[in-house]
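Here is a set of short exercises to work through with the model open beside you. Try each task before you read its solution.

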Amino acid sequence: MIDCVQCNLCPRRCGVNRAAGERGACGADGRLLVSRAALHFWEEPPISGEAGSGTVFFAGCPLGCVYCQNFELAHGEHGRAITVERLAAIMGELQAKGALNINCVTPTHYAPQIRAAVAQARGAGVALPVVWNTSGYETVEAVRDNVGTVDVYLTDFKYADGALARRYSRAADYPEVALAALEAMVEEAGEPRFDEYRGQERMTGGVIVRHLMLPGALENSMAVVRLLHERFGAAVRLSLMNQYTPVLAQKAREGSERARAALVACPELANRVPDEDYERLLDYADEIGVGDYFWQEGGAAEESFIPTWNYEGVEAP
C-alpha cells in the first residue's frame with residue numbers, strides 16, 4: 001500500500017487519502033497496480049534496440065487524455081496489485097530476458113514504490129538504466145525526488161496550446177507545468193548519452209521528448225517543435241510521432257459510453273493524422289534547424305504499438 005494520506009504526487013495535487021483506499025485523479029488507490037511487464041519493441045531505437053525494452057506498464061494516469069492510446073489502462077480498468085518486492089523481482093526477470101533497460105510506463109502516481117523497488121533491484125544485481133516514461137505532466141519536486149533512481153527520461157510534450165490541453169486533458173496548465181518539469185529533467189539527467197550493450201546502441205542518460213501529432217492540430221505541433229528547439233536545442237532528442245490511432249472510434253463501436261461521449265465532444269478524434277500534415281511537421285523541423293530527431297515511417301498508426309493487457313510477466317513465474 002502507498003503511504004499517501006494527502007496525495008500530491010502529480011500536478012493535480014488532488015489531496016485524496018490513497019492510503020485509506022480513496023482514488024486519486026489518476027484513478028489509483030493505495031495499491032501498486034501493474035498491467036504488463038515484458039520486452040517491448042516499439043520505442044525509439046536506443047530504448048528498444050533489437051532485444052527490447054524491459055517495460056512495466058502501470059495502471060491509471062494523472063493526465064487522462066481523452067484520446068489515450070492505452071484507453072483501458074489509463075482509466076485504471078486493467079491492473080493487478082503487486083508488492084514492491086514483486087516489482088523489484090520483475091526488474092530482475094526483465095534483465096535476465098536481455099532487456100536494454102527498465103522502462104517504467106506512466107509511473108508518476110507510483111513514484112515512491114517504484115523508487116523503493118529500483119533500490120531493491122539494484123541491491124540484487126540489476127544494473128540496467130531506468131527509463132521514466134511519462135506524459136510530461138510532472139511536478140519539479142517529483143523530478144528532483146527521482147535523482148539517483150532515473151537515468152533516462154522518455155517524456156511527452158503534448159501541447160504548446162493551453163486551450164487544446166484543456167479540451168483533451170482537462171489541464172490548461174500543461175504547457176507551463178510540462179516545460180518546468182522538462183527543464184528539471186534536463187538539469188538532472190544531462191544531455192543524451194549512449195553506450196553499446198550486447199552489440200546494440202543503448203541510451204544510458206539524458207532526455208528524449210516525444211510529441212504525438214493529433215488530428216487537426218498541426219499548428220500546435222509546430223509550436224511544440226519550435227518551443228523545444230529554441231529552449232533546449234541539442235540538450236534533448238526530439239521524437240516526432242504519427243502513430244495516433246483513433247481508439248475512441250473503436251471503443252465506441254464496441255459499446256463504450258465513455259468513448260461515445262468523448263467523440264460527441266471531440267469528433268475530430270475519430271480521424272487519423274493525414275500523411276501530408278506529418279510531412280509538413282518534419283519539413284518544419286528541418287527548416288528551423290532541428291538537427292537530429294526520431295521520426296516514424298508512413299503507416300505507423302497501423303503498427304502494433306498498443307500491447308494486450310493480459311498481465312504478462314506480472315505474476316511470479
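**Exercise 1. Find the strands that pair with E1, and decide how enclosed E1 is.**

Step 1. Strand E1 is joined to strand E2 (residues 53–58) by 6 bridges, and the two run antiparallel. Strands and helices here are DSSP runs numbered from the N terminus, with at least two residues (E) for a strand and at least four (H or I) for a helix. Two strands count as paired if DSSP finds at least two bridges between them.

Step 2. To locate this pairing in the model, look at Leu 39, which stands opposite Gly 54 in E2.

Step 3. Now turn to strand E3 (residues 80–82), which is also antiparallel to E1 and is joined to it by 3 bridges. Here Leu 32 stands opposite Ile 82.

Step 4. Finally, check burial: buried means under 20% relative accessible area, exposed means over 50%, and partly exposed is in between (1.4 Å probe, protein chains only). In E1 (residues 32–40), 8 of the 9 residues are buried, so the strand is largely enclosed by the rest of the structure.

A word on the source: this is a predicted model, in which local features need pLDDT of at least 70 and side-chain atom pairs count only at pLDDT 80 or more, while totals for chains, interfaces and linings use all residues. Residues are numbered from 1 along each chain as its sequence is written, and side-chain values use heavy atoms, with hydrogens and water left out.

**Exercise 2. Describe the surroundings of Thr 155.**

Step 1. Place the residue: Thr 155 belongs to strand E6 (residues 152–156).

Step 2. Is Thr 155 buried or exposed? Its relative accessible area is 2%, so Thr 155 is buried.

Step 3. List its contacts (heavy atoms within 4.5 Å). Leaving out residues up to four places away in sequence, Thr 155 touches Thr 134, Ser 135, Gly 136, Leu 182, Met 185, Val 207, Ile 208, Val 209 and Arg 210. Keep Arg 210 in mind for the next exercise.

**Exercise 3. Follow three salt bridges and classify their partners.**

Step 1. Start with the rule: a side-chain nitrogen of Lys or Arg must lie within 4 Å of a carboxyl oxygen of Asp or Glu. This gives a count of 18 salt bridges.

Step 2. Take Arg 210 and Glu 44, whose closest N and O atoms are 2.9 Å apart. Arg 210 is in strand E8 (residues 200–212) and Glu 44 in the loop between E1 and helix H1 (45–48), so this pair links distant parts of the chain, 166 residues apart. Both partners are buried: Arg 210 has a relative accessible area of 8%, and Glu 44 has 5%.

Step 3. Compare the pair Glu 93 and Arg 86, with an N to O distance of 2.7 Å. Glu 93 is partly exposed at 23%, whereas Arg 86 is buried at 12%.

Step 4. Next comes Glu 187 with Arg 144, at 3.5 Å between the closest N and O atoms. Glu 187 sits in helix H7 (residues 174–189) and Arg 144 in helix H5 (residues 140–145), so the salt bridge ties together parts that are 43 residues apart in sequence. Glu 187 is exposed at 57%, and Arg 144 is partly exposed at 34%.

Step 5. Look also for shared partners: Arg 23, Asp 29 and Arg 31 are joined into one network of salt bridges.

**Exercise 4. Work out which way helix H10 faces.**

Step 1. Pick out the buried residues of H10 (residues 257–265): Ala 259, Ala 262 and Leu 263.

Step 2. Looking down the axis, these buried residues fall within an arc of 95°, so they line one face of the helix. The arc is taken from the directions from the helix axis to the C-beta atoms.

Step 3. On the face turned away from the buried side, find the exposed residues Glu 257 and Val 264.

**Exercise 5. Check the cysteines for disulfides.**

Step 1. Apply the cut-off, a pair of cysteine sulfur atoms within 2.5 Å. The count is 0 disulfides.

Step 2. For Cys 14, the nearest cysteine sulfur is that of Cys 7, 5.3 Å away. Cys 14 is partly exposed at 34% relative accessibility.

Step 3. For Cys 266, the nearest cysteine sulfur belongs to Cys 65, 11 Å away. Cys 266 is buried, at 4%.
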